[in-house]
Structures are given as structure tokens and as C-alpha cells.
Amino acid sequence: MSKEAEKREISPEMARAMQDRLRLSEAMRLIKHKVVVMSGKGGVGKSTVAANLACALARNAKVGLLDADITGPDIPMVMGVEGKVPRVVKNKIEPIEGPLGIKIISMGHVLPSSEAPVIWRGPLKMAALRQFLVDVNWGGLDYLIIDLPPGTSDEPLSIAQDIPDSEGAIIVTTPQQLSLLDVNKSISFARAVKLPVLGIVENMSGYTCPKCGHHEDLFKSGGGKRAADGLDIPFLGSIPIDPSIVLGGDSGKPFVLEHPNSPATKAFEKIVEKVVGEVEKHKPKPKFKPVGT
Ligand code: ADP
């Protein structure tokens with residue numbers, strides 16, 4: 001073999017990487033819309049938003065929910081599927097079935113115990129996420145909602161690289177200044193990795209009395225809207241503080257299903273409508289016009 005041909009020869013590592021890429025794009029091709037939920041810091045309600053978004057969409061669509069928070073997986077508890085172990089069928093991991101048939105997978109489902117700490121470095125976390133995308137039998141879905149860990153770590157980078165056609169990120173914040181400052185970081189990060197931003201949600205935004213409907217801004221509110229306006233991205237809406245959200249989250253009952261008439265659910269439904277509108281806008285445009293149009 002000539003020196004040139006030798007150089008062009010594909011190494012086994014390269015062949016494996018190419019095969020991996022192919023399997024990834026085949027798996028992702030079956031999923032119409034991929035939406036990630038991010039936040040600059042923890043505890044702002046990101047998993048709550050991801051889980052309830054999945055439930056609200058699942059009323060009319062086929063939905064998957066991927067818990068990409070490898071080191072702190074909360075989705076199994078929030079969705080009431082804690083302790084379930086996925087089956088492996090024909091070398092594929094079968095996702096756990098949650099409410100309304102939502103297909104769920106989380107590191108929490110493959111760890112021996114929910115208390116087991118995961119101490120993994122970046123490359124391992126990225127490999128695990130790739131496996132969740134490729135080796136889980138998602139099948140055909142209308143939406144895959146991806147709950148990312150807080151901050152700008154390896155997981156969002158991995159998702160941005162592995163799902164280049166994602167419709168984009170929903171950024172969750174609370175009205176507190178500290179959380180709002182982190183919004184800027186999340187947006188800069190999303191822009192740097194070319195992940196479109198679908199908009200900002202302000203969570204824990206005041207309290208609406210479920211009896212009389214009176215709304216009280218307990219802390220300052222409106223920061224999420226101001227941040228969105230300042231950054232020229234859509235503001236998707238606010239969710240009030242509602243004690244039933246905490247109780248539901250702890251007992252695995254997403255609030256949009258448990259309390260369909262609560263002020264928080266009504267507020268959330270408006271957000272979902274906007275998300276669907278933004279997702280439709282971000283649909284990839286056809287690359288060429290069919291002949292005769
Ligand atoms: P994150 O994913 O950002 O860490 P979580 O979704 O786990 O945050 O929410 C943190 C806690 O706040 C949970 O106990 C959750 O039930 C609660 N929570 C989230 N949103 C609200 C809300 N609007 N009203 C009351 N409690 C909420």
C-alpha cells in the first residue's frame with residue numbers, strides 16, 4: 001500500500017465514531033422536536049417545568065423525557081417512576097413509561113440506589129448522555145424534552161453537539177436578582193454553542209390565591225420579562241408559587257395533571273402554548289423547493 005493510501009485508511013476508532021454518529025442521527029431523525037430546559041442555577045424549578053411541559057404536551061402528542069442531569073437526577077421522583085428499572089430488549093434500553101405514556105429515562109433508573117452519588121468527569125458524562133440518545137428505544141416521538149443540569153457544564157455542551165437540529169432551550173429563572181444574573185450566562189452559553197433560545201420562564205413569580213384569584217408579588221417580579229426584552233428573546237410567561245407544586249413534586253404527581261384548574265396550571269398552559277408556537281417557528285426550513293412549486 002502506498003504511503004498516501006495508508007494515511008487515508010480509516011482507523012478502527014474512526015470507524016466506530018462514524019458508526020456512532022450514524023446511529024445517533026438515525027435515532028434523532030425519528031424525533032420531530034427536541035427541546036431542552038436549562039437554568040443558570042439549581043432550585044429554580046427547572047425539573048418541575050420540564051416534567052410538567054412533558055405532561056401538558058403528552059395530552060395531544062407522543063412525548064419523551066430525558067433526564068440529562070447525570071449527577072443529580074430528579075425526574076424519576078417528580079414523575080412518580082422512582083425505583084423502576086428499564087428492560088433491555090434486543091440491545092436497546094426500553095424507556096420507563098410514565099403518566100400519559102411519556103417515555104422517561106434518567107440516570108436515576110440505572111443507578112443501584114437513588115442515594116448513590118455519581119462522581120464522573122466530563123467525558124464519561126458525555127458518553128452516558130450519548131448512550132441515552134442512541135441506545136434508548138425512543139421510537140417515533142413528537143417531542144423529546146431534555147432536562148439539563150443547572151449551569152453551563154458538559155451536559156449542555158454534549159446535547160448541543162449531539163442534537164444540532166434541536167429547536168432550542170427554555171431558560172427557567174426566578175425573580176431574584178441572583179438567578180436573573182445567571183440567565184445572561186445561560187444565554188451566552190447557548191449562543192456560543194449555537195443552541196437557539198426559545199425563551200425565558202419566570203417561576204415562583206408571586207402567589208395567586210386559588211380561592212379568590214388575588215395575585216401578590218411576594219418578591220420582586222417581572223425580572224424575567226425585563227431580561228427577555230433586554231436580550232431580545234421571547235418571554236414565555238410566569239408561574240406563581242403554589243404549595244401544591246412542592247407536594248406534587250415530592251409525591252410524583254405533576255401539578256398540571258393533579259390540579260388542572262389551579263392558577264399555576266392555567267399559567268403553565270399559556271406557557272406551553274407559547275413554547276409550541278416558538279417550536280413551530282424554529283422548524284427546519286426545507287432546503288429546496290420541490291419541483292413544480
Ligand atoms: P431545579 O430543577 O431547578 O433544581 P426543581 O424543579 O427541583 O428545581 O424545584 C425545586 C423545588 O421547588 C421543588 O421542591 C419544587 O417542587 C419546588 N417548586 C418549583 N416550582 C414551584 C412553584 N412554582 N411553587 C412552589 N414550589 C415550586
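**A buried strand residue, a ligand shell and some packed helices**

M204 counts as buried, with 24 C-beta neighbours inside 10 Å. That's one spot in what is a predicted model, a protein chain with twelve helices and eleven strands. Of the chain's 293 residues, 41% count as buried. Looking at contacts between residues at least 6 apart in sequence, 77% join residues at least 24 apart.

**Around the ligand**

- The ligand has 18 residues around it, and G45, K46, S47, T48 and G249 are the ones that come nearest.
- Four elements each supply at least two residues of this shell: the helices α3 (46-58) and α10 (243-251), plus the strands β9 (197-208) and β11 (235-241).
- Sorted by class, the shell has eight polar, seven nonpolar and three charged residues.

**The nonpolar core**

- The largest nonpolar core holds 67 residues, and V37, A54, L65, I145 and I170 have the most contacts inside it.
- Helix α3 gives this core its largest share, nine residues.
- Leaving out residues up to four places away in sequence, V37 touches K46, V49, A50 and L53, then I145, I146, D147 and L148, and finally I170 and V172.
- K46 thus turns up twice: among the residues that come nearest to the ligand, and among the residues touched by V37.

**Helix against helix**

- Helix α3 packs against helix α12 (residues 263-282) at an angle of about 75°, with the two axes 10 Å apart.
- Angles of 65 to 115 degrees count as roughly perpendicular, so that is what α3 is to α12.
- On the α3 side the contact is made by N52, L53, A56 and L57, and on the α12 side by F268, E269, V272 and V275.
- This contact has six nonpolar residues, one polar and one charged.
- Helix α2 (residues 12-29) and helix α6 (residues 122-134) also pack together, at an angle of about 50° and with axes 9 Å apart.
- That angle makes α2 oblique to α6.
- From α2, the residues D20, R23, L24, A27 and M28 meet R130, L133 and V134 of α6.
- Here the split is five nonpolar, no polar and three charged residues.

**Two backbone oddities**

- Most residues other than glycine have a negative phi.
- M204 goes the other way, with a positive phi near 55°, and it sits in strand β9.
- K90 also has a positive phi, near 50°, and its place is the loop between β3 and β4 (92-93).
- How do their surroundings compare? K90 counts as exposed because it has 6 C-beta neighbours inside 10 Å, whereas M204 counts as buried because it has 24.

**P86 and its loop**

- P86 lies in the loop between α4 (75-78) and β3 (88-89).
- With 17 other C-beta atoms within 10 Å, P86 is partly exposed; that label goes to residues between the 12 or fewer of an exposed residue and the 20 or more of a buried one.
- Not counting residues up to four places away in sequence, P86 touches I93, E94, P95 and I96, along with I105 and H109.
- P86 and I104 are 18 residues apart in sequence, and their C-alpha atoms are 9.5 Å apart in space.

Technical notes. Residues are numbered from 1 along each chain as its sequence is written. This is a predicted model: local features need pLDDT of at least 70, side-chain atom pairs count only at pLDDT 80 or more; totals for chains, interfaces and linings use all residues. A residue is near a molecule or strand if its C-beta atom, placed from the backbone, lies within 6 Å of it. Ala, Val, Leu, Ile, Met, Phe, Trp, Tyr, Cys and Pro count as nonpolar, Asp, Glu, Lys and Arg as charged, and the others, Gly among them, as polar. Axes are lines fitted to C-alpha atoms, for helices over the stretch in contact, and angles run from 0 to 180 degrees between N-to-C directions. Angles under 35 degrees count as roughly parallel, over 145 as roughly antiparallel, 65 to 115 as roughly perpendicular and the rest as oblique. Two residues are in contact if their C-beta atoms, placed from the backbone, lie within 7 Å. A nonpolar core is a set of buried Ala, Val, Leu, Ile, Met, Phe, Trp, Tyr and Cys residues joined through C-beta atoms within 7 Å.
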